[in-house]
Amino acid sequence: MEETEKRSYRGDFPVRDEDVKASFKYNVADMVGGEGLLRCLKCGACSGGCPVGAVIDYRPRKVLGNVLLGLKDEVLSTDQIWLCAACFTCEERCVQQVNFTDVVTVLRNMASKEGHAAQGYVKMAEMVRQNGRVSARTGLVDKMREQLGLPPLHDPDITQLQGIMKAAGLNEVLAANQKKEVESD
Amino acid sequence: MTIADEKVDFGSMRPAETAVVVGGGVAGMQAALDIADQGYQVVLVEKTPSIGGVMAMLDKTFPTLDCSACILTPRLSQVSRHPNIKLLTYSEIKGISGEAGNFRVQVLKKARRVLEDKCSGCGDCVPHCPVQVRNEFDQNLGYRKAIYIGFPQNTPLVYTIDKDNCIKCELCVKSCQRDAIDLSMEDEQLEIPAGAIVIATGYELFDVSQYHRLGYGRFKNVINALEYERIINAAGPTGGKLMRLSDGKIPKSIGFIQCVGARDVQKGVPYCSRVCCMYGIKNAVMSKELQHDIVKNVTVYYADIRAYGKGFEEFYTMAKERFGIKFIRGRVGEVSEDSKTKNVKIWAENTETGEFLKQEHELLVLCPGILPPKGLKELADYVGLEVSVDGFIPIQYPASNPVDTAVPGVYVAGCAESAKDIPDSVAAGSAAAMRASITLAQGGEQ
Ligand SMILES: Cc1cc2nc3c(=O)[nH]c(=O)nc-3n(C[C@H](O)[C@H](O)[C@H](O)COP(=O)(O)OP(=O)(O)OC[C@H]3O[C@@H](n4cnc5c(N)ncnc54)[C@H](O)[C@@H]3O)c2cc1C
Ligand code: SF4
Ligand code: SF4
């Protein structure tokens, strides 16, 4: 029962007036990558071919529908925008050139700023900030590279990298999301 | 008697009394008849061996389910017997010069290798011809000989030898008792003086194999709607027996996919093709009508149903309520084939419920959108017209003169202008005929 409560907005009605932020779709469409949003016909070609949707309850069309409806909180604070595998299948097929994968990137950026980034992504960003890599360098990797005749890995210049990240505002985004982690603990 | 049989001296025709209609589909036929009935001469130029166009291939027509051939066949003979209509079939336009009231139309009359004034259409030659090839009229599902008519009502009822496949064995020549076959016949170049021109070249279908994911061309039991029309047509390659291509079985479950090559910006077809929703519903209904006891599940996957015309919405409702056709709103995502049963599996989202569907059908029919026909741009070029962005012939003032092109004396009817159903194509044919007749009556002035 609780489950249905929580998920009731996934494109399912009724929608409560107070949850509708009419300007939300324009805010998204104004961002680079979000331009295609307003062209969506909700035909479902994206959902019908989505490999993620084939196995779990996730429909790109519904994400767009929720954005178009103005369900800002529902979109930005639930896991729906984090389930896309970025395979670009829908982007290739969309009859309206909505470019869903780009729209989802815009939504993820918005959600992250509000402290709603999915924890996997937060961990990954932290890893990059600390080590300059998405995954740790291990002896095993070094050995494999040697066997494959690949040049050894160089350790990136962390100070430079962190400078770029700071300028790009990643620190604030990470802070917003860490706070949330503490809160929810 | 077919007027085309007579030796006509086209050069001596008077432009002020003659119109040329290009394209012998239902729109061009109507235009030709209406101009001819007003006392003017008409030369009807058709590129294939017969007039009739796509309507001749159809089984039934929406929304009344009238038999297409029953409506068309009398019209075919009316056109061919009309004293004022000269038929030039198997002919192509090669150039147009001049202006309203005095055009010169260059026509290439391709060698049929059968004399139109001698062939009686008996078909005695056919069993003698050793060459068998696929019949284009049957969408390549059936076969014909190298000497052939595409369908029984071929108009004019004159055989044609297709030179690409003819092996010059002359067996047909020997078999013809009327000495109607002349393998040495050459193409002929004609110039026709005309005061007005009607473009009625119709359309062609979107090539659905461009949607790789939908499996057309890869899976035997994925066909297009025109192929389906031929399969259920009593005069078609299966004698009207609804069957699937992998094993000839009557399919128990059929899926129809709408908007394949329509309203798709990425594929360069942003427009709605207008007729696909209705012909899709018609064909869905026909499967139940024909094989009620066997065909259990008929599902139409659509983007939106556009049942805009008279009686269309009612027909849609009848399909759901009386025939039990299932309608699912959702463009199909994937189609795959079961390698053993050759059934097809589709993936789609039911956008009304959010449900992700994985359904199996024994036959899948893709309903293609409508494209401008090949050669339309060249034809437009000849008269000094530019086609519109969608590739069709543009109308200058759609609200006041819906069949007038920007070039005086040149009119357009039927699908050459945009996708239309049969009644709208015929209405446009009549309208273009009236406009062309006015041009003729006023000696080129409009
Ligand atoms: C599967 C399917 C089912 C349909 N079912 C229905 C239905 O049930 N009811 C309905 O109302 N409509 C139906 N339609 C639509 C119908 O086919 C069209 O409305 C109708 O055929 C249009 O007639 P037309 O004369 O404009 O074009 P066409 O029928 O395409 O005729 C054009 C003619 O011009 C010729 N031509 C082309 N280019 C040239 C050239 N350069 N020179 C000389 N000749 C040329 C062609 O060979 C052809 O004979 C259906 C369409 C499809 C695809
Ligand atoms: S395929 Fe494109 S137009 Fe259709 S629902 Fe998905 S995003 Fe919208
Ligand atoms: S890009 Fe994302 S939403 Fe689109 S099909 Fe792939 S996983 Fe699904």
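A residue is called buried here when its relative accessible area is under 20%, exposed when it is over 50%, and partly exposed in between, using a 1.4 Å probe and protein chains only. Helices (H or I, at least four residues) and strands (E, at least two) are DSSP runs, numbered from the N terminus. The model is predicted: local features need pLDDT of at least 70, side-chain atom pairs count only at pLDDT 80 or more, and totals for chains, interfaces and linings use all residues. Residues are numbered from 1 along each chain as its sequence is written, chains are lettered from A and ligands numbered from 1 in the order in which they are written, and side-chain values use heavy atoms, with hydrogens and water left out.

**Strands of chain B**

Strand S16 (residues 253–260) of chain B is largely enclosed by the rest of the structure, because 8 of its 8 residues are buried. Two strands pair if DSSP finds at least two bridges between them. S16(B) pairs in the parallel sense with strand S17 (residues 297–302) over 5 bridges, and Ile257(B) has Tyr301(B) as its bridge partner in S17(B). S16(B) also pairs in the parallel sense with strand S22 (residues 363–368) over 5 bridges; there, Gly255(B) stands opposite Leu364(B). Together with helix H5 (residues 276–290), S16(B) and S17(B) make a right-handed β-α-β unit. A crossover is right-handed if, with the strands pointing away from the viewer, the path from the first strand over the helix to the second runs clockwise.

Strand S2 (residues 41–45) of chain B is mostly covered, with 4 of its 5 residues buried. Strand S1 (residues 18–22) pairs with S2(B) in the parallel sense over 5 bridges, and Ala19(B) stands opposite Val42(B). S1(B), helix H1 (residues 26–36) and S2(B) make a right-handed β-α-β unit. Strand S5 (residues 85–88) runs parallel to S2(B) and is joined to it by 4 bridges, Leu44(B) having Leu87(B) as its partner.

**Two buried loop residues**

Asn221(B) is found in the loop between strands S14 (204–205) and S15 (222–224) and is buried, with a relative accessible area of 0%. Contact means heavy atoms within 4.5 Å; not counting residues up to four places away in sequence, Asn221(B) touches residues including Lys342(B) and Leu364(B).

Arg263(B) lies in the loop between S16 and H5 of chain B and is buried, with a relative accessible area of 8%. Not counting residues up to four places away in sequence, Arg263(B) touches residues of both chains, among them Leu41(A), Val95(A) and Asp304(B).

**Polar contacts**

A polar contact is a pair of N or O atoms within 3.5 Å; within protein, one must be able to donate a hydrogen and the other to accept it, and residues adjacent in sequence count only if both atoms are side-chain atoms.

| Group | Partner | Distance |
|---|---|---|
| Asn221(B) side chain | Lys342(B) backbone oxygen | 2.8 Å |
| Arg263(B) side chain | Asp304(B) side chain | 2.9 Å |
| Phe62(B) backbone N or O | ligand 1 oxygen | 2.8 Å |
| Lys420(B) polar backbone atom | ligand 1 oxygen | 2.7 Å |
| Ile422(B) backbone N or O | ligand 1 oxygen | 2.7 Å |

**Ligand surroundings**

A residue is near a molecule if one of its heavy atoms lies within 4 Å of it. Ligand 1 is surrounded by 34 residues, and the closest are Glu46(B), Tyr203(B), Lys282(B), Lys420(B) and Ile422(B).

The residues around ligand 2 include Cys40(A), Leu41(A), Cys43(A), Cys46(A) and Cys94(A). Helices H3 (45–49) and H4 (60–69) of chain A each supply at least two residues of this shell.
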